[in-house]
Amino acid sequence: MAIKRFKRLRQSLEGLFPERHLYIRSGGEMRGYVFSTNKQLLAATVVGCAALWMGVCTAAMMVNALAVSSTDQQVIKQRAYYERLNADRQARLNSAVAQLSATNGSLDELAASVEKRHSALAMLVSDFKGVPGAADALKTDSPRLLAASPVQRIQATRMDQERLIDNAETFAKSRAERLRLAMRMAGLDAGNYTGRGASLGGPLIEAKDPRALAAVLDVDEEFATRIHRAATDMSDMRSLNAAAQKLPFFRPTSNPAMSSSYGVRFDPFTRRPAFHSGLDFPGAFHTPIMSTAPGVVSFTGVRSGYGSTIEIDHGGGFKTRYAHLQAISVRVGERVAIGQRVGAMGSTGRSTGPHLHYEVWANGRAQNPNRFLKAGEYVQQAN
């Protein structure tokens with residue numbers, strides 16, 4: 001059968017590339033050349049390979065050219081954005097300098113404007129107190145102008161205020177974005193934890209319109225808009241930070257190693273695949289076990305398969321479980337803080353050796369605790 005197919009193929013090729021004769025007459029002599037089917041096939045193969053190679057090279061060059069073009073466009077867009085940003089800041093500073101240069105007897109007015117801005121900034125900066133990293137981010141380094149004229153000192157102060165509000169905006173927004181990313185890493189919707197719209201404290205909390213805020217603070221509308229923007233970002237940051245402090249982002253043991261992860265694994269007793277609803281942390285007997293978030297102890301005692309167990313309710317539908325304990329240091333109803341020791345590692349219940357079995361539950365469903373631990377590490381890096 002294969003021989004017949006081979007013969008048919010050869011016949012088809014011979015029909016496509018029949019034997020050809022080429023005669024060349026030169027100097028009264030006639031020369032003849034014979035192009036057999038095999039020679040024609042070889043020549044066609046060489047030409048086909050060359051064409052394929054040229055096509056591949058051309059396509060690669062086109063793809064590379066398009067990729068470079070896309071990258072260049074991205075660089076141009078980014079450069080234009082930063083140029084606009086710098087131009088905007090420079091325009092604000094130039095405007096301030098122009099106002100200060102026109103000192104036609106209005107030095108008192110300029111000083112009053114600076115004082116009003118300082119009061120507004122004082123309200124904003126007071127909201128940053130206690131936030132990790134805020135003191136360094138909002139530090140001002142304007143030079144002392146003891147020998148300068150009053151106008152120069154006011155000018156330096158205004159520029160210092162511009163830098164401070166810029167730093168406040170950048171700090172609040174970047175930290176809020178970092179906390180949002182940590183929430184997403186834990187599989188949570190950050191929008192459920194932000195208090196959008198709340199700005200400064202006291203009577204300013206309802207001043208959502210920049211024009212109304214400008215009237216309340218008695219400053220220009222542009223400066224009030226920036227105060228409002230920074231305060232809104234600050235409000236979101238505080239809401240997310242407060243939520244992060246209540247979520248189980250802390251590690252239950254000081255040992256970073258894990259002996260079993262969340263998900264399907266081979267059961268150590270049956271040697272068959274089984275779902276593992278938590279993380280296992282190995283260690284020695286009596287290794288301290290800590291609460292991973294503040295909350296109220298909702299259960300202490302023995303659970304089937306878990307041995308000596310502690311359960312802590314953290315509010316908002318979150319609960320953590322600590323199993324196979326050797327000792328329990330808390331009682332039901334006791335309020336615990338983040339990082340507080342609640343028990344000691346052991347090997348009670350369905351266990352093959354000393355370790356902690358740790359679970360995280362949200363609204364009655366087991367979650368992957370590793371996502372919360374990674375989110376906690378990311379939050380710690382932001383501090």
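This is a short tour of the structure, stop by stop, with a suggestion of what to select at each one. Keep in mind that you are looking at a predicted model.

**Stop 1: the start of the chain**

Begin by selecting helix H1, residues 2-16. Arg5 belongs to this helix, and with a relative accessibility of 51% it counts as exposed, because the cut-off for that label is anything over 50%. Now add Lys4, Lys7 and Arg8 to your selection. Together with Arg5, these residues make up a patch of positive charge on the surface.

**Stop 2: strand E1**

Move along to strand E1, which covers residues 20-26, and pick out His21. Is His21 buried, partly exposed or exposed? Its relative accessibility is 45%, so His21 counts as partly exposed. Next, show the C-alpha atoms of His21 and Gly32: 11 residues apart along the chain, they are separated by 6.8 Å.

**Stop 3: a salt bridge within helix H5**

Select helix H5, residues 150-185, and show the side chains of Glu177 and Arg180. The two form a salt bridge, with 2.9 Å between the closest N and O atoms. Why are they about one helical turn from each other? Glu177 and Arg180 are three residues apart in helix H5, and that spacing is why about one helical turn separates them. Colour the pair by accessibility and you can compare the partners: Glu177 is partly exposed at 39%, while Arg180 is buried at 18%.

**Stop 4: the largest nonpolar core**

Keep H5 on screen, since the next selection includes part of it. A general point first: in soluble globular proteins, nonpolar side chains tend to be buried together. Here, the largest nonpolar core has 38 residues. Good places to centre the view are Phe249, Ile310, Tyr322 and Leu356, the residues with the most contacts inside this core.

Which elements give two or more residues to the core? The helices are H5, H7 (221-246) and H8 (369-382). The strands are E5 (279-282), E8 (307-315), E9 (318-323), E12 (341-345) and E13 (355-362). The largest contribution comes from H5, which gives six residues.

**Stop 5: from helix H7 to strand E6**

Stay with helix H7 and select Gln245. Gln245 counts as partly exposed, with a relative accessibility of 41%. Add Ala293 and draw the distance between the two C-alpha atoms: it is 7.0 Å, although the residues lie 48 apart along the chain.

Then go to strand E6, residues 288-290, and select Ile289, which is part of that strand. Ile289 is buried, with a relative accessible area of 0%. Its C-alpha atom is 9.1 Å from that of Arg251, a residue 38 positions away along the chain.

**Stop 6: two histidines with positive phi**

Just ahead of E6, the loop between E5 and E6 holds His286. Check its backbone angles: His286 is not a glycine, yet its phi is positive, at about 70°.

For a second case, select His324 in the loop between E9 and strand E10 (325-328). His324 also has a positive phi, of about 65°, without being a glycine. How accessible is His324? Its relative accessibility is 5%, so His324 counts as buried.

**Stop 7: a network of salt bridges**

How many salt bridges does the structure hold? There are seven. For a linked group, select Arg303, Glu311, Lys319, Arg321 and Glu359, which are joined in a network of salt bridges.

Zoom in on one pair of this network, Lys319 and Glu311, where the closest N and O atoms of the salt bridge are 3.8 Å apart. Lys319 counts as partly exposed at 23% relative accessibility, whereas Glu311, at 4%, counts as buried.

**Stop 8: one last pair**

Finish with Arg331 and Glu334, whose side chains meet in a salt bridge with an N to O distance of 3.8 Å. Arg331 is exposed at 59% relative accessibility. Its partner Glu334 is partly exposed, with a relative accessible area of 21%.

Technical notes
Residues are numbered from 1 along each chain as its sequence is written. This is a predicted model: local features need pLDDT of at least 70, side-chain atom pairs count only at pLDDT 80 or more; totals for chains, interfaces and linings use all residues. Side-chain values use heavy atoms; hydrogens and water are left out. Patches are made of residues with over 30% relative accessible area and no salt bridge: like charges are joined within 9 Å, nonpolar side chains (Val, Leu, Ile, Met, Phe, Trp, Tyr) within 5 Å. Accessible areas come from the Shrake-Rupley method with a 1.4 Å probe; for residues, only the protein chains shown count as cover. A salt bridge is a side-chain nitrogen of Lys or Arg within 4 Å of a carboxyl oxygen of Asp or Glu. Lys and Arg count as positive and Asp and Glu as negative; His and the chain ends are not counted. The place of a charge is taken as NZ of Lys, CZ of Arg, CG of Asp or CD of Glu. Helices (H or I, at least four residues) and strands (E, at least two) are DSSP runs, numbered from the N terminus. Buried means under 20% relative accessible area, exposed over 50%, partly exposed in between (1.4 Å probe, protein chains only). A nonpolar core is a set of buried Ala, Val, Leu, Ile, Met, Phe, Trp, Tyr and Cys residues joined through side-chain atoms within 4.5 Å.
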